[in-house]
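Visitor: I would like to learn how to read a protein model step by step. Could you take my questions in turn and show how each answer is reached?

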Amino acid sequence: MVEPILKVEDIHKAYGKTEVLRGVSLHVLPGEVIVIIGPSGTGKSTLLRCINLLTPPDKGRVWLEGVEVTDKATDINKVRERIGMVFQDFNLFNHLTALQNVRLALIKVKGMPVKEATDKAMMELEKVGLGDKADNYPAELSGGQKQRVAIARSLAMEPKVMLFDEPTSALDPELIGEVLEVMQNLAEEGMTMLIVSHEMGFAREVADRIIFLEGGVVVEDGPPEQLFTKPQHPRTREFLHKLTELYGEHAESRTRRRRR
Ligand code: ADP
């Protein structure tokens with residue numbers, strides 16, 4: 001039996017009196033691509049952040065490759081090097097070029113010599129189709145290009161798992177495709193990915209499993225064909241129905257949503 005690369009067990013998280021996560025468990029196998037869907041405010045982002053302890057859970061445990069991330073004795077900075085995270089709003093340093101953004105942690109965190117870090121960063125930028133933008137600053141790049149720089153920056157650290165928190169939600173519709181394409185390539189290369197997204201077309205095509213999260217619990221977890229065509233739970237059916245009402249049959253091309 002293949003061991004899960006990532007295990008999440010009974011995660012709870014409350015903000016004040018609001019219980020956001022109420023016992024979430026999931027197993028992710030190496031190379032699996034999981035898309036997490038669910039209504040806004042249901043704890044999807046909080047769940048991703050609990051996995052690398054950007055938001056420490058109140059209760060529950062997380063393991064990456066058999067090492068308990070939530071164990072106080074674990075060096076969380078070491079764990080974070082192995083869990084890449086891509087945010088909705090890119091989080092690039094605006095005073096650094098694309099290349100400098102990508103190589104920064106290689107030098108500062110991994111202690112890589114500048115020349116080696118530069119070569120590696122260049123390679124990662126080329127991989128996301130931005131070799132010609134290495135010397136551009138974020139302000140000189142489109143949203144889609146900025147997000148691809150952010151992905152290259154994560155990949156440079158050679159993570160075991162990549163977490164994507166609504167990576168295309170802040171993008172203009174015409175720029176969504178280029179980011180999804182990079183993610184699809186990553187999936188094909190065997191990267192393990194946990195993706196919060198409203199891009200249902202992408203989810204259907206690329207995900208091995210879809211997890212429907214609502215009210216702080218996993219309501220349904222299954223392969224896309226099951227979830228989209230024969231959802232087992234009435235709540236899943238309602239959510240998908242609402243999405244279709246909002247965005248039409250071809251939700252995939254119009255699921256843009258801005259949170260801020
Ligand atoms: P989703 O990603 O599903 O939209 P989130 O995980 O972002 O949901 O948020 C879940 C709930 O937790 C929301 O009601 C949100 O307002 C609340 N929340 C998220 N982060 C914080 C925080 N740092 N402090 C207080 N409340 C928060």
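Visitor: Among the contacts in the chain with a separation of 6 or more, what percentage is accounted for by residues 24 or more positions apart?

Guide: Please keep in mind that this is a predicted model, and that a contact here means heavy atoms within 4.5 Å. When the contacts with a separation of 6 or more are taken together, the share that joins residues 24 or more positions apart is 65%.

Visitor: What radius of gyration does the chain have, and what would a compact globule have?

Guide: The rule for a compact globule starts from the number of residues, which is 260 here, and it gives a radius of gyration near 18 Å. Along its principal axes, the C-alpha trace spans about 55 × 45 × 40 Å. The chain agrees with the rule, because its own radius of gyration is 18 Å.

Visitor: How many helices and strands are there, and what percentage of the residues is buried?

Guide: The secondary structure comes to nine helices and ten strands. A residue counts as buried when its relative accessible area is under 20%. By that cut-off, the buried part of the 260 residues is 53%.

Visitor: Which strands lie at the edges of the open sheet of four strands?

Guide: The order of this open sheet is E2-E1-E4-E5, and its pairing is antiparallel. An edge strand pairs on one side only, and this holds for strand E2 (18-28) and strand E5 (67-68). The edge strands are therefore E2 and E5.

Visitor: Within that sheet, which residue of E2 is the bridge partner of lysine 7?

Guide: Strand E1, residues 6-15, runs antiparallel to E2, and eight bridges join the two. For lysine 7, the bridge partner in E2 is histidine 27.

Visitor: How many of the residues of strand E3 are buried?

Guide: Strand E3 covers residues 33-37, and its side chains can be sorted by the way they point. Val33, Val35 and Ile37 point one way, while Ile34 and Ile36 point the other way, and all are buried. The strand is thus largely enclosed by the rest of the structure, because the number of its residues that are buried is five of the five.

Visitor: Which residues stand opposite valine 35 and isoleucine 34 in the strands that pair with E3?

Guide: E3 runs parallel to strand E8, residues 192-196, and four bridges join them. E3 also pairs in the parallel sense with strand E9, residues 209-214, over four bridges. Valine 35 stands opposite isoleucine 195 in E8, and isoleucine 34 stands opposite arginine 209 in E9.

Visitor: Is threonine 46 buried or exposed, and what is its relative accessible area?

Guide: Threonine 46 is found in helix H1, which spans residues 44-51 and is mostly covered, with seven of its eight residues buried. Leaving aside neighbours within four places in sequence, threonine 46 is in contact with Lys13, Tyr15, Val20, Leu21 and Thr55. Since buried means under 20%, threonine 46 is buried, with a relative accessible area of 11%.

Visitor: How does valine 217 count, as buried, exposed or partly exposed?

Guide: Valine 217 is found in strand E10, residues 217-222. Not counting residues up to four places away in sequence, valine 217 touches Arg22, Val24 and Phe212. Its relative accessibility is 25%, and because buried means under 20% and exposed over 50%, valine 217 counts as partly exposed.

Visitor: How far is valine 217 from proline 113 in space?

Guide: The two residues can be compared along the sequence, where they are 104 residues apart. In space, from C-alpha to C-alpha, the distance is 45 Å.

Visitor: Phenylalanine 90 and glutamate 158 each have a positive phi although neither is a glycine, so which is buried and which is exposed?

Guide: Phenylalanine 90, with a phi of about 70°, is found in the loop between strand E6 and helix H3. Glutamate 158, with a phi of about 55°, is found in the loop between helix H5 and strand E7. The relative accessible area is 12% for phenylalanine 90 and 52% for glutamate 158. By the cut-offs of under 20% for buried and over 50% for exposed, the buried residue is phenylalanine 90, and the exposed residue is glutamate 158.

Conventions: Residues are numbered from 1 along each chain as its sequence is written. This is a predicted model: local features need pLDDT of at least 70, side-chain atom pairs count only at pLDDT 80 or more; totals for chains, interfaces and linings use all residues. Side-chain values use heavy atoms; hydrogens and water are left out. The radius of gyration is taken over C-alpha atoms; the globule rule is 2.2 Å times the number of residues to the power 0.38. Buried means under 20% relative accessible area, exposed over 50%, partly exposed in between (1.4 Å probe, protein chains only). Two strands pair if DSSP finds at least two bridges between them.
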